[in-house]
Amino acid sequence: MGDVLAHVVNCDHDGEEPDLSGGRRVEYVVTGIRGALVDAHAVDDPTKTYVSSAAALAQNLRTEVGSLPGCHFSCRVVPGNPGTFFVDFQMTPEPGTDYDRR
């Protein structure tokens, strides 16, 4: 998968960079890991899912793969062409915890 992502990142798309300035921040909770993949769903709408490489999500959140199940994170979801971009990943506190979001 890493080779595919590297190829996509390095492809020349007529010099156009995707506009990642828009979108909205969505909070997700990781519901499980299946092999090398992580499953998560939006906290405010469980029908909105996020599936990714567990290693990539752990790297984006600066944590270990083993700590992903049950963790809450947010990212900006930016509609694009082609597809949807998920950027600006941040760990978020689990509900009921006292956490200062500085």
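Begin with the whole chain in cartoon view and follow it along the sequence, where the pattern reads α-β-β-β-α-β-β; this is a predicted model, and its secondary structure comes to two helices and five strands. Switching to a surface representation, you will be looking at about 7,100 Å² of exposed area, of which carbon and sulfur atoms supply 51%, while 27% of the 102 residues count as buried.

Next, select Tyr 28, Val 30, Leu 57, Leu 68 and Phe 73, which are the residues with the most contacts inside the largest nonpolar core, a set of 17 residues. Colouring by element then shows where this core is drawn from, since two or more residues are given to it by each of strand 1 (24–34), strand 2 (37–42), helix 2 (54–61) and strand 4 (72–79); helix 2 supplies the largest share, four residues.

From there, centre the view on Leu 57 and display its surroundings: beyond residues up to four places away in sequence, Leu 57 touches Val 30, Val 38, Tyr 50, Leu 68, Phe 73 and Phe 89.

Now move to Gly 32, which lies in strand 1. Is Gly 32 buried or exposed? Its relative accessibility is 16%, and Gly 32 therefore counts as buried, the cut-off being under 20%. Show the contacts of Gly 32, leaving aside neighbours within four places in sequence, and you will find Leu 37, Val 38 and Asp 39. A distance drawn from the C-alpha atom of Gly 32 to that of Val 51, 19 residues apart along the chain, comes to 10.0 Å.

Finally, return to the whole chain with its contacts displayed: among those between residues at least 6 apart in sequence, 39% join residues at least 24 apart.

Key: Residues numbered from 1 in each chain as written. Predicted model: local features only at pLDDT ≥ 70, side-chain atom pairs only at ≥ 80, totals over all residues. Heavy atoms only, no water. Core = buried A, V, L, I, M, F, W, Y, C linked by side-chain atoms within 4.5 Å. Buried < 20%, exposed > 50% of the residue type's maximum accessible area, 1.4 Å probe, protein only. Contact = heavy atoms within 4.5 Å. Areas by Shrake-Rupley, 256 points an atom, 1.4 Å probe, with all protein chains shown as cover.
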